[in-house]
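Here is a short report for a reader new to this structure. Please look over the sequence and the model first.

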Amino acid sequence: MSDTSHVRPVGTYGPVGASTTIYSQKWVCTDCKYTNFAAAASCKRCKKAAPANAENNNDSQTQQNALTHTWREVLDPQSQQMYYYNTETNETSWDRPECMGPAPYASGWFGRGVAGADTNKYDADNELFLSRPARKQKDKIEAKNTSVEGNMDYNIWYGKSRGENWNEADLGQDLAPNRCVIATDAGRTKADSKDSGQKFFCIQFCRGKCARGAECTWFHRIPTIADDGMASQMHDCFGRERHKTNKEDMSGAGSFEKPSRTLYVGRLRPDKWAGDKELHAALKKQFGEWGEVEHINLISRKNIAFVRYRFRSGAEFGKEAMCNQTLGQGEIINVRWAHDDPNPIAQEAIRRADADAAVAALKARGVQIKRAADESSEEVITGVTSDYPNTSEEKGEGEEEGDGEPAAKRAKTD
């Protein structure tokens, strides 16, 4: 479900390995045009009574599909990311099949992607970028972008670095002076040579102000699934150290103990847009430029949104690229890491998503499992059954030694 601006999650549904979110349709008051939750008995603004059966307007088609399709989540042992496998046809796909419905409302440790989306464009774009030299975004390196040696040494007593030359918070509420235009700025750098050994991206390129261009020793492109699979838990995609806890203002490189793929976006101006649908589309387009966006929760009455990426490296790149930028209506958005969602529905979705991931991880290690019901009628993991068939020949790819399931790779990743 690409547009969730007029729906509200009511629960997580489906068998193990195929969890999906069930949404209820919000209703729009015919008098004042205010959008109300499905359970609201009357309009919050003008108090007009809700239409008949508004509370029971759930997505029954998604519930039906969840019990009939044969797609399941599988963990690729190489990239440590989820892909999808059809138990009947032996098909595999990095993109979430549309029949599986929306990913869990909160997807825990592993991203699932958008149902029915085609994300091959990110790999195709990067192939184009690597066919040309990177463009210089600035004529010279500005003095304020340099730092003295040891400036980023971390002080464990004060819980921060000696210098904050990478701190985006110093912009305050001013519009960022530069912006990366990935279509024209991205390209090949020295980091793309086979013997470079580089695995990090240029943060100045991400912010639209790298003056080195093709001579830069950092990547000038967007992270791919292969890059995310090689990412260190102790560093972000720019090589900055991540720490046990987040900063108080939720800026910086993030936490390795509580990794996040969700960004808080504040200072929105819903009044400048024709409606929530248009603002939702703008968020998806502009944040989706840096990686696959899995879900957007727009809360227009509070002028905020939460943007969740499928991969952590995409969230890290998008956070730096969009900080203090505008969506095109004069707003200057505030982008930070998001706190955990306290919504009970989100917490249940995380529990289900992580449980599914645990099953997939065990199978990726060759552990054979089956499902059985305990006394409370909830599904638990126990016993042994047969494993998924080996589909490496059909895919034309090898299988990881000791793994019970095929190791999928996105086409054209290498």
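## Arginine 267

This is a predicted model. Arginine 267 is partly exposed, with a relative accessible area of 28%. That value falls between the cut-offs of 20% for buried and 50% for exposed, which is why the residue gets the middle label.

Where does arginine 267 lie? It is in the loop between strand S10 (262-266) and helix H6 (276-287). Its backbone stands out too: arginine 267 has a positive phi of about 65°, although it is not a glycine.

## Lysine 47

Lysine 47 also has a positive phi, of about 70°, and it is not a glycine either. Its loop runs between strand S4 (35-36) and helix H1 (60-68).

Is lysine 47 buried or exposed? Lysine 47 is exposed, with a relative accessible area of 58%. Exposed means over 50%, so the label fits.

## A positive patch

Which residues form the positive surface patch? They are Arg8, Lys44, Lys47, Arg301 and Lys302. Lysine 47, described above, is thus one of the members.

Arginine 301 is another member of the patch. It is found in the loop between strand S11 (293-299) and strand S12 (304-309). Its relative accessible area is 53%, and it is exposed. A residue joins a patch only with over 30% relative accessible area, so arginine 301 meets that condition.

## Asparagine 297

Strand S11 comes up again here. Asparagine 297 has its place in this strand. What does asparagine 297 touch, leaving out residues up to four places away in sequence? Its contacts are Tyr105, Ile304, Ala305 and Phe306.

Valine 307 is 10 residues from asparagine 297 along the chain. The C-alpha atoms of the two are separated by 6.6 Å.

## The whole protein

How many helices and strands does the protein have? It has nine helices and 15 strands. The protein has 414 residues, and 46% of them count as buried.

Contacts can also be sorted by distance along the sequence. Take those between residues at least 6 apart: 61% of them join residues at least 24 apart.

The protein exposes about 21,000 Å². Carbon and sulfur atoms supply 49% of that area.

Note on methods:
Residues numbered from 1 in each chain as written. Predicted model: local features only at pLDDT ≥ 70, side-chain atom pairs only at ≥ 80, totals over all residues. Heavy atoms only, no water. Patch = residues over 30% accessible without salt bridge, like charges linked within 9 Å, V, L, I, M, F, W, Y side chains within 5 Å. Areas by Shrake-Rupley, 256 points an atom, 1.4 Å probe, with all protein chains shown as cover. Salt bridge = Lys/Arg side-chain N within 4 Å of Asp/Glu carboxyl O. Lys, Arg positive; Asp, Glu negative; His and termini not counted. Charge placed at Lys NZ, Arg CZ, Asp CG, Glu CD. Helix = DSSP H or I, 4+ residues; strand = E, 2+ residues; numbered from the N terminus. Buried < 20%, exposed > 50% of the residue type's maximum accessible area, 1.4 Å probe, protein only. Contact = heavy atoms within 4.5 Å.
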